Amino acid sequence: MENKISEIEKILQEHNYNLTKPRTKMIELFLKTSEHLCPEKIFNKLKSESISLPTVYRNIAIFKQLRIIKEININNENVYELNMFSEKRLHMHFHCKKCDQIIEYNNREIFNQMIKQQRYIEKQFGDVIENYSVVFDGICHSCYKQEEMK
């Protein structure tokens with residue numbers, strides 16, 4: 001984890017930002033979790049570190065600008081996940097409207113199809129796609145089963 005923090009520190013310094021204690025704690029949180037974090041969740045997890053909510057928002061903006069984290073809009077709420085060092089560069093999200101759970105899909109066949117679609121769009125329209133986000137909304141398997149049992 002120290003090497004990853006050092007790499008992020010270099011990026012921050014290249015853009016005239018210091019690696020402050022709040023930034024370090026936020027980076028550590030993103031490195032340790034696979035959760036999708038909203039600012040309030042980050043604040044609540046780091047409250048004991050005396051990090052204020054405005055500090056969380058300011059650092060999210062910096063991390064997002066420097067592409068350290070990635071913003072995903074799920075159910076009209078922005079959540080964040082680590083972009084750097086991510087082993088799940090291409091993945092899709094499913095948001096359950098009943099239980100509010102966020103599920104990630106990591107399926108090679110689906111991704112192969114997505115990459116084919118990306119290449120087709122780039123060839124057809126001449127655009128260069130650098131990134132995309134897929135979020136499905138619906139009812140998860142567990143909630144659907146509970147509804148069926150009623």
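How many bridges join β3 to β5, and do the two run parallel or antiparallel? Five bridges join this pair, and the strands run parallel. Keep in mind as you read on that this is a predicted model.

## The three-stranded sheet

Let's start with the sheet that holds this pair. It is open and built from three strands in the order β4-β3-β5, with mixed pairing. The edge positions go to β4 (102–105) and β5 (134–138); each has a single partner strand, so one side of each is left without a neighbour in the sheet. From one strand to the next, the twist averages 25°.

On its other side, β3, which spans residues 92–96, pairs with β4 in the antiparallel sense, and four bridges link these two. The same two strands form a hairpin with five residues between them. In the turn you will find D100, whose phi is positive at about 70°.

## A closer look at β3

Individual residues help to fix the register. M92 has Y105 as its bridge partner in β4. H95 is a handy landmark: it stands opposite I102 in β4, and it also stands opposite D137 in β5.

Is β3 enclosed or open to the outside? Five of its five residues are buried, so the strand is largely enclosed by the rest of the structure. The cover extends to both faces: M92, F94 and C96 are buried on one side, while H93 and H95 are buried on the other.

## How the helices pack

Now to the helices. The axes of α3 and α4 lie 9 Å apart, and the two pack at an angle of about 125°. An angle between 115 and 145 degrees falls into the oblique class, and α3 and α4 are therefore oblique to each other. The crossing of α3 past α4 is right-handed. On the α3 side, the contact is made by P39, E40, I42 and F43, and α4 brings L53, V56, Y57 and I60.

A second pair is α2 and α3, with an angle of about 105° and axes 11 Å apart. That value makes α2 roughly perpendicular to α3. Here K25, M26, L29 and F30 of α2 meet I42, K45 and L46 of α3. I42 thus appears in the contact with α4 as well as in the one with α2.

## The largest nonpolar core

Which residues touch the most other members of the largest nonpolar core? They are L12, I42, F63 and I68, out of 22 residues in that core. Several elements each supply at least two of its residues: the helices α1 (2–14), α2 (21–32), α3 (39–46) and α4 (53–65), together with strand β2 (77–82).

L12 shows what such a position looks like in detail. Setting aside residues up to four places away in sequence, L12 touches Y17, N18, L19, R23, I27, I62, F63, L66 and I68.

## I27, a buried residue in α2

One of the residues that L12 touches is I27, which is found in helix α2. Its relative accessibility is 1%; the cut-off for buried is under 20%, so I27 counts as buried. Beyond its neighbours within four places in sequence, I27 is in contact with I5, I8, L12, L19 and F63.

I27 also makes a nice example of a link across the chain. I27 and L82 are 55 residues apart along the chain, yet their C-alpha atoms are separated by 8.6 Å.

Methods:
Residues numbered from 1 in each chain as written. Predicted model: local features only at pLDDT ≥ 70, side-chain atom pairs only at ≥ 80, totals over all residues. Heavy atoms only, no water. Core = buried A, V, L, I, M, F, W, Y, C linked by side-chain atoms within 4.5 Å. Buried < 20%, exposed > 50% of the residue type's maximum accessible area, 1.4 Å probe, protein only. Contact = heavy atoms within 4.5 Å. Pairing = 2+ DSSP bridges. Axes fitted to C-alpha atoms, helices over the stretch in contact; angles between N-to-C directions. Parallel < 35°, antiparallel > 145°, perpendicular 65-115°, else oblique. Left-handed = near helix turned anticlockwise from the far one by under 90°.
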